[in-house]
Amino acid sequence: MISQVHARTINRRDCVTKDALSVGSPWVRELERILGSTVRPDRWATAVGEVAIFRDRWEITTSTDLLGPVPASYEWEQSEQRASLQRLIQSWTEDQSSSLVKGASALPAPIVRQPLIPAGPTL
């Protein structure tokens, strides 16, 4: 029973993420504006997925308001999830290591070759 619930949860997560990425909803464009054009592709997919799951879970239907309206004070679970997601998005906007253009792969660092320097008696 637990494995079935887990499988259904994973399936739902994948469905809402794929829908969000393929439809190009206004909130996805808003997320792109917030994160900027420089974010690692894996982080972009994760960010869209996390927001899509949150929106699906809390039935947020506003088109451009990324996380929907601020929940009422008695909605502590939604408030905590919303705050956590805001912190995650903020950390990605501040993280300089995520500054790769979406869809592009990182170039490897150049190999710097140093001349060999003898470090002791030679034979």
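These exercises work through a predicted model.

**Exercise 1. The fold in outline**

Task: State how many helices and strands the protein has, and give their pattern along the sequence.

Solution:
- Step 1. Count the elements. There are four helices and zero strands.
- Step 2. Read along the sequence. The pattern is α-α-α-α.
- Step 3. Check burial. Of the 123 residues in the protein, 24% are buried.
- Step 4. Look at contacts between residues at least 6 apart in sequence. Of these, 60% join residues at least 24 apart.

**Exercise 2. The two sides of H1**

Task: Find which residues of H1 are buried, and where they lie around the axis.

Solution:
- Step 1. Place the helix. H1 spans residues 2-23, which makes 22 residues.
- Step 2. Test its length. From first C-alpha to last, H1 reaches 31 Å, close to the 32 Å expected at 1.5 Å a residue.
- Step 3. List the buried residues. In H1 they are Val 16, Thr 17 and Ala 20.
- Step 4. Take their directions. These residues cover an arc of only 100° around the axis, so they sit on the same side of H1.
- Step 5. Recall the helix geometry. With 3.6 residues a turn, an α-helix points residues three or four places apart the same way.
- Step 6. Find the packing partners. The buried residues of H1 pack against helix H2 (26-35) and H3.
- Step 7. Turn to the face away from the buried side. Ser 3, Gln 4, Arg 8, Lys 18, Ser 22 and Val 23 are the exposed residues there.
- Step 8. Go past the end of the helix. Gly 24 follows H1, and its phi is positive, near 70°.

**Exercise 3. A positive phi outside glycine**

Task: Locate Glu 59 and decide whether it is buried or exposed.

Solution:
- Step 1. Read the backbone angle. Glu 59 is not a glycine, yet its phi is positive, about 55°.
- Step 2. Locate the residue. Glu 59 belongs to the loop between H3 and H4.
- Step 3. Apply the cut-off. Glu 59 has a relative accessible area of 68%. Exposed means over 50%, so Glu 59 is exposed.

**Exercise 4. The largest pocket**

Task: Give the volume of the largest pocket and say which elements give two or more residues to its lining.

Solution:
- Step 1. Take the volume. The largest pocket has about 170 Å³.
- Step 2. List the lining. Glu 50, Ile 53, Phe 54, Arg 57, Gln 81, Ser 84, Leu 85 and Leu 88 line this pocket.
- Step 3. Assign the elements. Helix H3 (41-57) and helix H4 (76-94) each give two or more residues to the lining.
- Step 4. Sort by class. The lining has four nonpolar, two polar and two charged residues.

Key: Residues numbered from 1 in each chain as written. Predicted model: local features only at pLDDT ≥ 70, side-chain atom pairs only at ≥ 80, totals over all residues. Heavy atoms only, no water. 1 Å grid on protein atoms, 1.4 Å probe; cavity = no way out; pocket = protein on both sides within 12 Å on 5 of 7 lines; lining within 4 Å. Points joined across faces, edges and corners; volume = space filled by probe spheres on them. Nonpolar A, V, L, I, M, F, W, Y, C, P; charged D, E, K, R; others polar. Expected span 1.5 Å × (residues − 1). Buried < 20%, exposed > 50% of the residue type's maximum accessible area, 1.4 Å probe, protein only. Arc of directions from axis to C-beta. Contact = heavy atoms within 4.5 Å.
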